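User: Could you walk me through this protein model, one question at a time? I am new to reading structures.

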Amino acid sequence: MKKRILFGLLLLLAVGACKNESSETQEKAPEQPAKAAVTHPPFNADSAYAWVQAQVNFGPRTPGSAAHAACADYLVKTLQRFTPEVQVQSAPIKAHDGKTFQLKNIIASFNPDQKKRVVLAAHWDTRPRADQDTERTNQAIDGANDGASGVAVLLEMARNFAIQAPGVGVDIVLFDLEDYGVSEVSDSYCLGSQYWAANPHKAGYRAEYGILYDMVGGKDARFYMEGYSMYYAPHVMRKVWNAAHDLGFGSFFTFQQSSPITDDHYYVNKIARIPMIDIIEHDPTTPTGFGKYWHTHDDTMEVIDRATLQAVGQSTLWVVYQE
Ligand SMILES: [Zn+2]
């Protein structure tokens, strides 16, 4: 996603934030027990970690590469273990540099006939260059956190949905071509989500809300209430953040608001008009606003921590089973 932020919208958000109490920390006591007694299978962080590793093992999943093709097959086969409803949305897409790639958005549906639906998404492609690094900047990165972590959490959720079907319909959408863009060209990132938002996998597709997972496995990650999420889907933000605090994961989820980030959820909100939030690691202490590994060769398995995968996976799994 793009690190540049939109200051105009930030002002709007500052006004909007007044309605949502304050944007300052109002953290609940972590020991507060979960309210409802809906049971669900436990999110297994070892399993999620193994799914990060499995993707990284293919090598960088950059558009057009053999690793990209092999990983797509792997993701489809893995999801088919958990639901027969798996489809690949494919189309030729022209990137900012004039190259055309065969897009592969991978969609897995659970309870396909259920009207009330939730869409869970992450991007599975990885960045073809390490532009934030000081060396080998034109070489592709592992994308363990930026790419593989979100997908891994969703694969583990899919495994759970196969064991115990949630009450609500769920669509897992793995977006392709998220991270190929450059900041100089607007809308050059998030090509898969832009395509899906305009051409959903089912005609007239609607979901009540959505959750996007991006960089959700970093050690000691902090998830702020990202700007576009708060603008388009503040009720979803609060639902997820409250769940995380109720379950004891409050240290990962701060109620503080952060700047808007142009990520896949932006286009899902804007084009498909489905309120979607972004759970994304944000680090206000770094110049880029992201983790130090971001778009560098340090985005490897080294940055992945099971505790973070657990916090994100368990909290959102719980939210889905509550519906
Ligand atoms: Zn990225």
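User: In which sense do β5 and β8 pair, and over how many bridges?
Analyst: Happy to help, and please keep in mind that this is a predicted model. Strands of a sheet pair through backbone hydrogen bonds, either parallel or antiparallel. One pairing to look for has Gly-210 opposite Met-276 in β8. Strand β5, residues 209-214, pairs with β8 in the parallel sense, over five bridges.

User: In what order do the strands of the open sheet lie?
Analyst: Six strands form this sheet, and their pairing is mixed. The edge strands are β1 (86-94) and β8 (276-280), each pairing on one side only. From one strand to the next, the twist averages 20 degrees. The order to trace is β1-β2-β4-β3-β5-β8.

User: What angle does the direction of helix α8 make with that of β8?
Analyst: Helix α8 covers residues 264-272 and packs on the sheet. The strands α8 touches are β3 (117-123), β4 (169-175), β5 and β8. Its direction and that of β8 make an angle of about 175 degrees.

User: Which residue in the loop between α8 and β8 has a positive phi?
Analyst: The residue to find is not a glycine, and its phi is near 55 degrees. It counts as exposed because it has 11 C-beta neighbours inside 10 Å, and the cut-off for exposed is 12 or fewer. This loop residue is Arg-273.

User: How many bridges join β1 to β2?
Analyst: Strand β2 spans residues 100-110 and runs antiparallel to β1. Ala-91 has Leu-103 in β2 as its bridge partner. The hairpin of these strands has five residues between them, and there Gly-98 takes a positive phi near 90 degrees. The number of bridges between β1 and β2 is nine.

User: Is Asn-111 buried, exposed or partly exposed?
Analyst: Asn-111 sits in the loop between β2 and β3. Its phi is positive, near 50 degrees, in a residue other than glycine. Within 10 Å there are 18 other C-beta atoms; 20 or more would make a residue buried and 12 or fewer exposed, so a count in between gives the third class. Asn-111 is therefore partly exposed.

User: How many residues of β4 are buried?
Analyst: Gly-169, Asp-171, Val-173 and Phe-175 point one way from β4, while Val-170, Ile-172 and Leu-174 point the other way. All of these residues are buried, whichever way they point. That is why β4 is largely enclosed by the rest of the structure, with the buried count at seven of seven.

User: Which strand pairs with β4 in the parallel sense, and which in the antiparallel sense?
Analyst: Two bridge pairs help you find your way: Ser-109 has Asp-171 in β4 as its partner, and Ala-121 stands opposite Val-173 in β4. β3 and β4 are joined by seven bridges and run parallel. The pairing with β4 over five bridges is antiparallel, and its other strand is β2.

User: How far apart are the end C-alpha atoms of helix α4?
Analyst: Helix α4 runs over residues 144-163, which makes 20 residues. At 1.5 Å a residue, the helix should span 28 Å. The model agrees with this, as the end C-alpha atoms are separated by 27 Å.

User: Is the arrangement of α4 and α9 roughly parallel, roughly perpendicular or oblique?
Analyst: Residues of α4, including Ser-149, Ala-152 and Val-153, meet residues of α9, among them Leu-309 and Val-312. The two axes come within 10 Å and cross at roughly 45 degrees. Angles under 35 degrees would count as roughly parallel and 65 to 115 as roughly perpendicular, so α4 is, relative to α9, oblique.

User: What distance separates the C-alpha atoms of Ile-141 and Pro-60?
Analyst: Ile-141 lies in the loop between β3 and α4 and is buried, with 28 other C-beta atoms within 10 Å. Leaving aside neighbours within four places in sequence, its contacts include Pro-60, Thr-126 and His-295. Ile-141 and Pro-60 are 81 residues apart along the chain, yet their C-alpha atoms are separated by 5.8 Å.

Note on methods:
Residues numbered from 1 in each chain as written. Predicted model: local features only at pLDDT ≥ 70, side-chain atom pairs only at ≥ 80, totals over all residues. Pairing = 2+ DSSP bridges. Helix = DSSP H or I, 4+ residues; strand = E, 2+ residues; numbered from the N terminus. Axes fitted to C-alpha atoms, helices over the stretch in contact; angles between N-to-C directions. Contact = placed C-beta atoms within 7 Å. Expected span 1.5 Å × (residues − 1). Parallel < 35°, antiparallel > 145°, perpendicular 65-115°, else oblique.
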